[in-house]
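Here is a set of exercises to work through with the model open beside you. Each task is followed by a solution that goes step by step.

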Amino acid sequence: MPAPASGQRDILVLGGGHNALVAAFYLAKKGHKPLILERRHIIGGAAVTEEFFPGFKCSTVAHAGGPPLAAIVKDMQLARHGLQKLESPIRIIAPNPDGRALTLYTDAQRSAEDIKRFSQKDAANYLDFSASLARIAGIAAQLMELTPPVIEKPSKEDIWKFLKVGRKVRGLGKKEMMRLIRWGPMAAADFVAEFFETDLLLAVVAARGIYGAALGPWSAGSTLLLLLRAAADPYPVGNSAYPRGGMGALTAAMAAAAKEAGVEIRTNAEVTQILVKDGKVTGVVLAGGEQIAAKAVVSGADPQRTLLSLLDPVHLPPSFVVKMRNYRANGTAAKVNVALDALPNFAALKNSSATDAAASLAGRIHIGPGIDYLERAFDHSKYGEFSPAPYLDISIPSLLDNTLAPAGKHVMSIYMQFAPYQLKSGNWPQHRDALRDAVINTVAQYAPDFAQKILGVQTLTPADLEATYGLTGGHPFHGELALDQIFTMRPLLGWARYATPVKNLYLCGNGTHPGNGVTGVSGHNSAREIAKHLR
Amino acid sequence: MRLPDSPETFMAKKYDVIVIGGGHNGLVNAAYLAKAGKKVLVLEKRYVLGGAAVTEEIIPGFKFSVYSYVVSLLRPEIIRDLDLPRHGLEILPLDGTITPMANGDYLWRQNDHGKTRRELERHSKLDAEAYEEFGKSMVAMCRFVKPILAMIPPDPTSLDPRDLKKLAFLGKRFQNLEAEDKYNLVQLMTMSAADFLDQWFETDALKATMSASGIIGTFLGIRSPGTAYVLLHHYMGEIDGAFRSWGFSRGGTGAISNAIGAAAVEAGVEIRKEASVAKILIKNGVASGVVLEGSGEEIYADIISSSVDPNLTFLKFIEERQLPGDFLEDVRRYKYRGSSGKVNLALDGLPDFTCLPGPGHHLRGAISISPSMEYMERAYDQAKYGEFSRRPYIDMVIPSLTDPSVAPPGKHILSCFVQYAPYKLASGTWDEQREAFGNTVIDTISQYAPNLKSLIIGKQFITPLDIERTTGLTEGNIFQGELSLEQLFFLRPAAGWARYRTPIKKLYMCGSATHPGGGIMGAPGRLAALEILKDSGRS
């Protein structure tokens, strides 16, 4: 028999990740009394700062924000709660094997200047591309904040909101409207080739369409992912803004805001079961056996963990269970965090527009010098092997943030693709060191003294991402962001409005629309719907 | 007074419509126009009609369906309207598909429902169950998609009530689908064939063979999103008439073209072979005729209907300055990427497959070299980097077993569709690699049928370059352009130009590069004819 119930609660929020914190905050603002249950000793989910080597801290999983939705930053008054944004004007530097490096800035004009060293034509097109992408991303951004409509029977409100977006779409003009329709299903490699010819530039921009996905640049639909990212951040490449203190500082500020709004947070409280009676949620059971009764449960965990593992599937329609099992959430990403004695020397910096090494490395460093390189890295993952020459997205946050490493020393956060969750042979603990070595060797090709500077390394394989951070399949985005798993189909067609077949059980994490990295939009949207239901 | 040699004096020579290209779509287009009373001239550059649907006697006594090899998609309304059986069209059944497996076993799906079920049960009870459900679901999907195949694509950016009505019609149909079918349809439109089939089945060889329909004629792998739709496109052949109505045409695929040609001629169409178009004449933005290659002969007509692909129509036959910049950009961007080749073999006897020895009924169907999903995907990987697959996907048939008219008595034809053979090679040319390509195919088949090499008495290796050279299909793409999502429906071949019209007045498109796309279907030719008639009725 489980332990006696500890009194009925209003809303339980499972998981203390960024979306859960955002959802809890907004629900508290509506007068609810949410209790967040986080299984780890720290809140933040995949947006955490941890000491991975004595004296060295970094954002162990996600290393850059989506960025967070402006409305959330404002409503939660995150700055007052300690959030401090550090930003590099350089977004990405991409070293090339030929010894050159491409630097892209937030300022399109400056980027174009740099691209000129590779191609005049590309430089000119870059300005057009940036502008067109920003316009289209602006429209897509509005879709992000929309609750996906019910396809069967759109409500008046759905139609009204849709028409509003529709009017904006129409404002784009015929050419860009068609572009919007045509681009989505395209392969990112084809998409970027409509604008550029320099392989390195093609790869840097296309990489945004495969980041965190089981897609290569030649996979159809990767452009959609690129556009989704651009919707959160309307530039050709991802941002280079970090919270001081790492991603954990962002979620700490969110937690502070939530607490102030009346949210209660319990860490070391692992939910093992969601209780249901007569099709309606009644509470949860914790790892120790403690039962907490509640009116509603909002899960920040991924859809499969929530619905297939925490919930007994007997409470769900069989066809729903089959579809949820088919929801694709096998990750392809790994993380390697490195404590460095000093900054490694990237050879290509000698041959870039950089004047100062520290400043030029303060954004993200892209390793993946061509479309074929990225595609080959992906190829291995299809057959259950990790890439020997992987695509890497690197940040050295200690260049801007002196709270992460001892003076003069640095931390390097390396996001690696492709490492498939399901290996063809052996298991991840057996392959962890080989994965680490592949990543280190790849970086060393561009920074030959890299290995000598290493003091300590933390390697997180997809299996670790699942075991430690609760990401089913090790998927950083709680499930593939593919054409068939977005918008009205995230996580499943007919169940994209944050509710589930179990009454008063809701989803608020990245496995719901728009589910687009550390933006908080899923949490924001879900709170709006949940508050309506519970009214 | 006009000069005697001025073309306007030869009023008798003037046609209402000139159709460029005598492929199946060009002929369908011409036949429909002629039946509506138009005076139509078809210009075919080769000595034989049919484009990619031709039968040629490459080796004495052996009549090869040189490029295409089976038929299923030909629209029933076209067969009916043009009375094709009376003109010699006879479709013979192609009975099922057998897949030799890596472990020496086979997977044989036949037209006989009970036999297929028992065969699937031998591999997996679950798959045998799922196969029936899958079939039902696909039929529901086909029912949904079928009217779209016969629809002039609406313009989603337009506020024209006719477009809105069509979009609303599609929306309503979607809403009326069962919840399960809605879910399946959305998946079909967006997923990869492999992911889609993974949800239904567990037998690797079954999934691999079924997923092959999702990649035929595309430069995509079975794991590429969007291939599930192509799977449906090919499945369409299974709902008109009997279940699984894939078949051979007696006399080869050229016989289909000949039947359509005969119907066209009966309707009054004039057909000129070995008349290759060099230029389309345009006067003040209006198409007025064509110039022939070589002779320079000019032929005039009120309307030009081009069944060849956009690359030839707009970039070869027309000067750039005649076309708006945006349109030119779209035409240049339109993707062909031929990915398949063909190997036709004249055989002294029947190949003997290790997995099922002897000359059984299984040889009367398709034989598919698609032993596993990984095999299929690896074949694609090589093509991505500009090499032909060292172990390709092969779909082969022995038409001579069902139709003895195509080979001498006792002899046979093995007609092999081969993928992937990328048009653009990373190194070398197709002329250098043709032999190696053909031998790879023969070696691959020999792994499953070791006696093959000893039977070969004649061979024809066709690379994408050969397809382009002979038929004119750009980059050897058998569908006149990739069937990828961004090139379908109202985006085929270019956004805003999916309704058979072009920026040049009186110039129309009627080939596979227009909605609903490739395969021996004839729908583009028919739909274009209806649009042309609509416009000329108005003027």
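**Exercise 1. A hairpin in chain B**

Which residue in S11(B) is the bridge partner of B:Leu281?

Before the solution, some conventions. The model is predicted, with local features needing pLDDT of at least 70 and side-chain atom pairs counting only at pLDDT 80 or more, while totals for chains, interfaces and linings use all residues. Residues are numbered from 1 along each chain as its sequence is written, and chains are lettered from A and ligands numbered from 1 in the order in which they are written.

Step 1. Find the strands, which are DSSP runs (E, at least two residues; helices are H or I, at least four), numbered from the N terminus. Strand S10 of chain B covers residues 277-283, and strand S11 of chain B covers residues 286-292.

Step 2. Check the pairing, for which DSSP must find at least two bridges between two strands. Six bridges join S10(B) to S11(B), and the two run antiparallel.

Step 3. Read off the partner: B:Leu281 is bridged to B:Gly289.

Step 4. Look at the turn. Two residues lie between the strands of this hairpin, and B:Asn284 in the turn has a positive phi of about 50°.

**Exercise 2. The seven-stranded sheet of chain B**

Give the strand order of the open sheet in chain B, then examine its edges.

Step 1. The order is S7-S6-S14-S15-S16-S13-S17, with mixed pairing.

Step 2. Strand S7 (106-109) and strand S17 (456-462) of chain B are the edges; each has a single partner strand, so one side of each has no neighbour in the sheet.

Step 3. Neighbouring strands are turned by 20° against each other on average, direction ignored. The axes behind such angles are lines fitted to C-alpha atoms (for helices over the stretch in contact), with angles from 0 to 180 degrees between N-to-C directions.

Step 4. Follow S17(B) inward: six bridges join it to strand S13 (residues 340-347) of chain B, running antiparallel. Within this pair, B:Leu345 has B:Lys459 as its bridge partner.

**Exercise 3. The sheet of chain A**

Describe the open sheet of seven strands in chain A.

Step 1. Its order is S7-S6-S14-S15-S16-S13-S17, again a mixed pairing.

Step 2. Strand S7 (101-105) and strand S17 (454-460) of chain A are the edge strands, each pairing on one side only.

Step 3. From one strand to the next, the twist averages 20°.

Step 4. Inspect one pair: strand S14 (residues 364-367) and strand S15 (residues 391-395) of chain A are antiparallel and joined by four bridges. A:Ile367 stands opposite A:Leu392 in S15(A).

**Exercise 4. Burial around A:Ile115**

Is A:Ile115 buried or exposed?

Step 1. Place the residue: A:Ile115 belongs to helix H3 (residues 108-115) of chain A.

Step 2. Apply the cut-offs: a residue is buried with 20 or more other C-beta atoms within 10 Å of its own, exposed with 12 or fewer, and partly exposed in between, with C-beta atoms placed from the backbone. A:Ile115 has 25 such atoms within 10 Å, so this residue is buried.

Step 3. List its contacts (C-beta atoms, placed from the backbone, within 7 Å). Beyond four places in sequence, A:Ile115 is in contact with A:Asp122, A:Ala123, A:Tyr126 and A:Leu201.

Step 4. Add a distance: the C-alpha atoms of A:Ile115 and A:Leu104 are 8.1 Å apart, with the two residues 11 apart along the chain.

**Exercise 5. Where chains and domains meet**

How many residues of chain A are in contact with chain B, and which helix of chain A gives the most?

Step 1. The contact takes 29 residues of chain A and 31 residues of chain B.

Step 2. Elements giving two or more residues to the chain A side are helix H6 (174-183), helix H12 (318-326) and helix H14 (371-382). H6(A) gives the most, with six residues.

Step 3. By class, this side has 12 nonpolar, five polar and 12 charged residues. Here Ala, Val, Leu, Ile, Met, Phe, Trp, Tyr, Cys and Pro count as nonpolar, Asp, Glu, Lys and Arg as charged, and the others, Gly among them, as polar.

Step 4. Now go inside chain B, where the domain assignment (automatic or from a database) includes domain 2 (129-244) and domain 3 (336-471). Their centres, taken over C-alpha atoms, are separated by 28 Å. The contact takes 16 residues from domain 2 and 15 residues from domain 3 of chain B.

How values were computed:
Contact = placed C-beta atoms within 7 Å.
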